[in-house]
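Subject: structure handover

Hi,

Here is the structure I promised to pass on. Have a look at it first, and my notes follow underneath.

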Amino acid sequence: MKELETLNLADIKTIQHTKNLELDQLLQLYKNSVFKSNLDKILNYKGHFNLKENTQPIFIKPRRIPYTLKTKVDEEIERLCKLGVITKVDHSEWGTPVVPVVKPNGSIRLCGDYKVTLNKVILDEQYPIPMIEDIFAEMNGDKLFCTLDITQAYLNMVMDDESAMLQTLSTHKGTYKVNRIMFSVKVAPCLWQRFMDRLLQGLEGVKCFFDDIIFQRHSCAR
């Protein structure tokens, strides 16, 4: 204890560590594919919504946006247009008012209030969501773990044209069909989980919980 009391933290200039060259090489090799942080899209796959019988279109006029958020909402709409996530349309029988959600970093996540439109008439997807407790139980005994977070997960899934129109957003700037699966659609978690489970099926030690892919190993192979 006496030695610790005399330690002067100001004298510590550097901390030596062993660099994992293999990891750095992997990060560099796949920096434009696996490890890039910008939004992309799933190729050769399109999601689809099923509606209840005799469903009639629902259009809700856009709601007022707080003045303090209007500029950020405008910027987010423009960003999503450039990425191809949404596309402005002249007419739509469906229209869901937008709900701007302020994230911890101050940016805006543009959601739709689908509980007043699409969620009332869309059929549920009967697909089981894994329980996190079961995933933890299967990890018991393993020593090495890695998690990968999928950037803006849902927005990577392209929807077919019919479903894109069903998700149309009504905004103060006009109506925009949503070309990707949108936050707040009640079946979005099931559609996403089902796709990921099929994609990763057969990979040993790999689990997925929505936008998190978990790798586990008992020991490191050499």
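What covers the buried residues of α3? The cover includes β1 (86-89), β2 (96-102), β3 (108-112), β5 (169-171) and β6 (174-178). Before I unpack that, some housekeeping.

This is a predicted model, where local features need pLDDT of at least 70 and side-chain atom pairs count only at pLDDT 80 or more, while totals for chains, interfaces and linings use all residues. Residues are numbered from 1 along each chain as its sequence is written, and side-chain values use heavy atoms, with hydrogens and water left out.

**The chain overall**

The chain has 6 helices and 8 strands; helices (H or I, at least four residues) and strands (E, at least two) are DSSP runs, numbered from the N terminus. Read from that end, the order is α-α-α-β-β-β-α-β-α-β-β-α-β-β. There are 222 residues, of which 35% count as buried. Buried here means under 20% relative accessible area, exposed means over 50%, and partly exposed is in between (1.4 Å probe, protein chains only).

About 14,900 Å² of the chain is exposed, and carbon and sulfur atoms supply 54% of that. Those areas come from the Shrake-Rupley method with a 1.4 Å probe; for residues, only the protein chains shown count as cover. Among contacts (heavy atoms within 4.5 Å) with a separation of 6 or more, 75% come from residues 24 or more positions apart.

**Helix α3**

Back to the helix. α3 takes in residues 67-83, and its 17 residues should span 24 Å at 1.5 Å a residue; the end C-alpha atoms are 25 Å apart, so the two agree. (The expected span is 1.5 Å times one less than the number of residues.)

Its buried residues are L69, V73, E76, I77 and L80. They cover an arc of only 105° around the axis, which puts them on the same side of α3. The arc is taken over the directions from the helix axis to the C-beta atoms. The general background is that an α-helix has 3.6 residues a turn, so residues three or four places apart point the same way. On the other side of α3, T71, E75 and K82 are exposed. After the helix comes G84, which has a positive phi near 85°.

**The sheet it packs on**

Five strands make an open sheet in the order β1-β6-β5-β2-β3, with mixed pairing. Two strands pair if DSSP finds at least two bridges between them. β1 and β3 are the edge strands, each pairing on one side only. Ignoring direction, neighbouring strands of the sheet are turned by 45° against each other on average. α3 packs on this sheet and touches β1, β2, β3, β5 and β6, its direction making about 75° with that of β3. For the angles, axes are lines fitted to C-alpha atoms (for helices, over the stretch in contact), and values run from 0 to 180 degrees between N-to-C directions.

Here is how the pairs look:

- β1 and β6 are antiparallel, with 4 bridges; V89 stands opposite T175 in β6.
- β2 and β5 run parallel and are joined by 2 bridges; T96 stands opposite L169 in β5.
- β2 and β3 are antiparallel, with 5 bridges; V98 stands opposite G112 in β3.

The hairpin of β2 and β3 has 5 residues between the strands, and G106 takes a positive phi near 95° there.

**V99**

One residue to click on is V99, in strand β2. Is it buried or exposed? Neither quite: V99 is partly exposed because its relative accessible area is 29%. Leaving aside neighbours within four places in sequence, V99 is in contact with R63, R109, L110, C111, G112 and D113. The C-alpha atoms of V99 and G112 are 5.4 Å apart, although 13 residues separate the two along the chain.

**Positive phi outside glycine**

Which residues other than glycine have a positive phi? Two to look at are N44, near 60°, and S184, near 85°. N44 lies in the loop between α2 (21-29) and α3, and with 84% relative accessibility it counts as exposed. S184 sits in the loop between β6 and α6 (188-200), and at 38% relative accessibility it counts as partly exposed.

Cheers
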